[in-house]
Every structure is written in structure tokens, then in C-alpha cells.
Amino acid sequence: MAEAKQTTGTRSGSRGIAAVRSGRVRRHVDLLVATRKGAFVLRGDSLRRAWRIEEPHFLGHETNHLTSDPRDGTTWLLAAKTGHLGPTIFRSTDGRQGWSEARRPPAFPKVSEGQNGPALDRVFCLAPGHASQPGVWWAGSVPHALFRSEDGGVSWELVVGFSDYLDGLRQQKPPRFFPTPGGAITHSILVDPRDPNHLYVSLSTGGSFETADAGASWRPLNQGVSADFLPDPDPEFGQDPHCMVLSPADPDRLYQQNHCGVYRLDRPAVRWERIGRNLPAEVGDVGFPIVAHPRDPDTVWVFPMDGTSVWPRTAPGGHPAVFRSRDGGRNWSRGATGFPTAHGWLTVFRQAMTCDTLDPVGLYLGTTTGEVWGSRDEGESWRQVASHLPPVLAIEALVR
Amino acid sequence: MPVKVYLSSHVRSYTDGQAEVTAEGGNLAELMLDLESQYPGIRFRVIDEQDRIRPHMNFFVGNELARDLQHLIGAGERVHILGALSGG
């Protein structure tokens, strides 16, 4: 291998590593695909053109997220459960040749006798900690909770400050926390690369929140974000963000794909701007995933889905397309070459779209129909790189 | 008191593939603690953090379906830990 260090291209991307076009160094991309029936690794060639599917890991398990640690280049964590068994996390520290289970997976504390305490349904997302804290990981769950590990995912502790904060919010009237069919999801955990204690956490049917002290205290960060399913459409919390990302190129630039649109926030401001209104009206700005360019804070991609009438959440009109903005959401261009031109009723879940860190940036998405699509030209054109997989729940791109 | 425990395939990854194992316990709570000591990690996959049997797992003690971990295990009774059809 030309370079020992790996970088993970997440939905936010990691710090860019310029591709060497002369061919002296060829970078490859692995796609880490978590599905409803196991985790798959798709290994790309140096041109990102041919892809080889490896045999599944944990076949039959509902794998919600598979990701790697960009800090050590070898640790992989997998959030899994089955239809019968409770949630857990599996770890590999040898490039996924062998897996072990977390000794103390995320779990709520046991409550006193006679009380009815919560039980974890699943670990939904995994996020490596700050670069200065090797071994620290964060996990988001269903129902809402945040967990932290300090030993590379072997053991996990509930972040009590966050749970206590949410308990306080739940006491407020009117009620603003309502589980969705997918549950009350902690889906986005963003670590400020400048400060290990500064995190953003985003919840479905809850809103987005910020901590500056590693989770001891929190404040809402939802101004300007609509919640048209509540009597007050502009509440302090209770919105339904689907996915939130931090620009790797500018940690003060955030984007979110929300149930009620696409938004951008430039810190230290606290009011989000609805940039999704600049998408074509016939497409709308409803969707699940959002992806930020690894090097350009003004470039972002979304996969709009139909949010009209009964909310099909399939590609509008059966015409799947990825929309890209190069100017922070003021203008958008449509990238659909290669996608079905009719009857393409695709749904892409919130963790199922990502990018790599190469130049040009490669984009990848997985569908509930078990397809994985890839673009080598930053979303202009697309090719199907895998099919007949189980429904894709999450996808990450690992550059090696 | 040694108890014969039959496990459906869902949890045999913890018992190195064995479908039937032996554990100690006068009730399911004790039995699960002993199983956990022998096969680390198995308990939390079938019992949640509030000590409730997970909704898609069934525990039979003899021919009785157990509702909670306080269910007693009589002398000679066999325990079945099975994945329910509802979890499929």
C-alpha cells in the first residue's frame, strides 16, 4: 500500500487528500455498506469504475452503520442487531479479518424496581471522536440517547448530561417529541475538528443541539427551522432534522436536510437559512441525506424525494436525481445522467449517501431496493455499482 | 441446580455453535447470570437493560412460557430460549 493512513469519506467528508493524477500513487475507494441483512464491502479499482463485492459480514443482522476510524486506519465499528436479538457493536482492529463484540455495548441504566425504564432498540450511528482523543467514539441510538466510548468501542457509557437535558425538554408543554415509524433517532453526531468538547447532535423528531463541554450541558440550535407538524411552526426544539453535516473545509458551516426543507447555518449565527427553497418547485426540498464537499464549504448535495400528499418519499415523479449547489444553496444543478429516466422510484435513507475525498469527488448512494450508485464527477453522472443487495441503511467511503 | 438449556440458532454464536448447554439456576434470572458467565455477551442480546425478556425472544420452562426472569425452574425441567416468529 502506497500510504498507510486511510481517510474516511463520510457524509461530511474528511480533510481532503488530493489525488495524484500522474499515476504515481493510485488511491482506491472501499464502500462500507450497511444493510438490513448484513454489511458488505465494495472494493473499487483505481479508476472507481469496477467494483468487487466481498462476502457479507454478519449476514442476516440488521446493520445500521459500518464505519472506520480515520485516526488509526484499522479499527472498524459496526452497529448491529437482529430481529430477535438486542443491539450491540462489533469491532475489528485488523482490517475486518476478525470481529469481536463490545464488552459493554450501549445500554440505558437499569431503573429502580417498579419503574418502567427505557430499553435501547438499536445503535443508529457511530462517530469517531476528535483527532486528539484516539479511542474516543460517540454513538447515537434509538430511542434518543448519546453514548461515549473511550476505549475504541469496547465499552460504552451513556452521556447522562444529554439524557437529562432531553428529559427536561420533554416536560415542557406542548409536547414536541413524537416517535416516527423509524423510532426516535439520534442520527447525526458532529465533532468540531478544532475542539474535542464541541459537538452538534441532531435528533429526528427532536431538533438539533450543541454542547461546548463534551455533553455536560446543551442548548438548542433550531432557529429558523420549520416544524409545520406542530402548532408553533417555529419552536425552540421539536423539529425533525433528518441529517446534519459539518463542512470539513469550514467547521462553522453546517447543512441539514430536514423533514421541512434544506437549511444552511454559518456560525456564530444561530438562525438557519432555508436554502431548499432555491430547488425547483416541482422537486421540492424534502429528503433524507445531505452530503458536504470535503474541501469546498459551498458545495453540497441532496437527493430530493417526494413529500407531497401521503409522502411517498420516492424520487419525485419516478425521476431520481442528485442536486448539487456550488454556492451554499443559492443555486442548484441537477445530476441525473445514468439514473432511470422513468419508474425510478428510489428511496435513499439518511445515512445512505456519502462522498470520498478524491479529486474529483466521488459520490455514492444506496437505495432501499438494494442498489448502490456511484458518481466519479461530483454528481453529474451516475452508474450502478451494485444491485440485489438487501435494503441499504448506511454507506461510507473509505479511501486507501 | 444444573439445568439443560436448549438454544435456537439465533444465539449459538455465543455458545460456539452448541444447541444445548448446561447452566445453574433456580429461576431464569440466576440461569441467565450463569449463562452470561459462561458465554459473555449472551444475556444482553436476549434480556434488555431493565431485565425484561426481549419482545421477540421466548423462554419456555418445561412447557410453560415464561413472562419474566423470576420464573422458577423446577427440578429436571428443561429451559428453551427461542427466537419467536414475531422477530423474523
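Visitor: What is the strand order of the open sheet of four strands in chain A?
Guide: Bear in mind that this is a predicted model. The pairing in this sheet is antiparallel. Its edge strands are β5 (62–68) and β8 (100–101) of chain A, each with a partner on one side only. Reading across the open sheet, the order is β5-β6-β7-β8.

Visitor: How many residues of β5(A) are buried?
Guide: β5(A) is one of the edge strands, pairing on one side only. Even so, the rest of the structure largely encloses β5(A), because the buried count is seven of seven.

Visitor: Which residue stands opposite H65(A) in β6(A)?
Guide: β5(A) runs antiparallel to strand β6 (residues 76–81) of chain A, and the two are joined by six bridges. Look in β6(A) across from H65(A) and you land on A79(A).

Visitor: And at the other end, which residue in β8(A) is opposite R91(A)?
Guide: Strand β7 (residues 88–92) of chain A is held to β8(A) by two bridges, with the strands antiparallel. Across from R91(A) in β8(A) sits S100(A).

Visitor: Which residues of strand β23 in chain A point the other way from V322(A) and R324(A)?
Guide: In a regular strand, side chains alternate between the two faces of the sheet. Strand β23 (residues 322–325) of chain A has V322(A) and R324(A) pointing one way, and all four of its residues are buried. The ones pointing the other way are F323(A) and S325(A).

Visitor: What stands opposite R324(A) in β24(A)?
Guide: β23(A) has partners to consider here. Strand β22 (residues 300–304) of chain A pairs with β23(A) in the antiparallel sense over three bridges, and there R324(A) is the bridge partner of W301(A). Strand β24 (residues 333–335) of chain A also pairs antiparallel with β23(A), again over three bridges. In β24(A), the residue opposite R324(A) is S333(A).

Visitor: What is the radius of gyration of chain A?
Guide: Chain A has one helix and 29 strands. For 400 residues the globule rule gives 21 Å, and the value for chain A is close to that, so the chain is as compact as a globular protein of that length. The radius of gyration itself is 20 Å.

Visitor: What share of the residues of chain A count as buried?
Guide: Start with the overall extent: the C-alpha trace of chain A spans about 65 × 50 × 40 Å along its principal axes. Among contacts in chain A with a separation of 6 or more, 53% link residues 24 or more positions apart. As for burial, out of 400 residues the share is 53%.

Visitor: Which strand gives the most residues to the largest nonpolar core?
Guide: In soluble globular proteins, nonpolar side chains tend to be buried together. The largest nonpolar core here has 102 residues, and V33(A), V372(A) and I395(A) touch the most other members. With seven residues, the top contributor is strand β29 (residues 392–399) of chain A.

Visitor: How many residues does the other core hold, the one with L120(A) and Y14(B) among its members?
Guide: It lies apart from the largest core, and its members also include I42(B) and I53(B). The size of this core is 26 residues.

Visitor: In what order do the elements of chain B run from the N terminus?
Guide: Chain B has two helices and five strands. Its radius of gyration is 12 Å, close to the 12 Å the globule rule gives for 88 residues, so chain B is as compact as a globular protein of that length. From the N terminus, the elements go β-β-α-α-β-β-β.

Visitor: What arc do the buried residues of helix α1 in chain B cover around the axis?
Guide: In helix α1 (residues 28–38) of chain B, the buried residues are L28(B), L31(B), M32(B) and L35(B). They sit on the same side of α1(B), because their arc around the axis is only 95°.

Visitor: Which helix gives the largest share of the side of chain B that touches chain A?
Guide: The contact involves 16 residues from chain B and 15 residues from chain A. On the chain B side, three are nonpolar, seven polar and six charged. The largest share there, three residues, comes from residues 42–46 of chain B, helix α2.

Key:
Residues are numbered from 1 along each chain as its sequence is written. Chains are lettered from A and ligands numbered from 1 in the order in which they are written. This is a predicted model: local features need pLDDT of at least 70, side-chain atom pairs count only at pLDDT 80 or more; totals for chains, interfaces and linings use all residues. Two residues are in contact if their C-beta atoms, placed from the backbone, lie within 7 Å. Ala, Val, Leu, Ile, Met, Phe, Trp, Tyr, Cys and Pro count as nonpolar, Asp, Glu, Lys and Arg as charged, and the others, Gly among them, as polar. The radius of gyration is taken over C-alpha atoms; the globule rule is 2.2 Å times the number of residues to the power 0.38. A residue is buried if 20 or more other C-beta atoms lie within 10 Å of its own, exposed if 12 or fewer, and partly exposed in between; C-beta atoms are placed from the backbone. Two strands pair if DSSP finds at least two bridges between them. The arc is that of the directions from the helix axis to the C-beta atoms. A nonpolar core is a set of buried Ala, Val, Leu, Ile, Met, Phe, Trp, Tyr and Cys residues joined through C-beta atoms within 7 Å.
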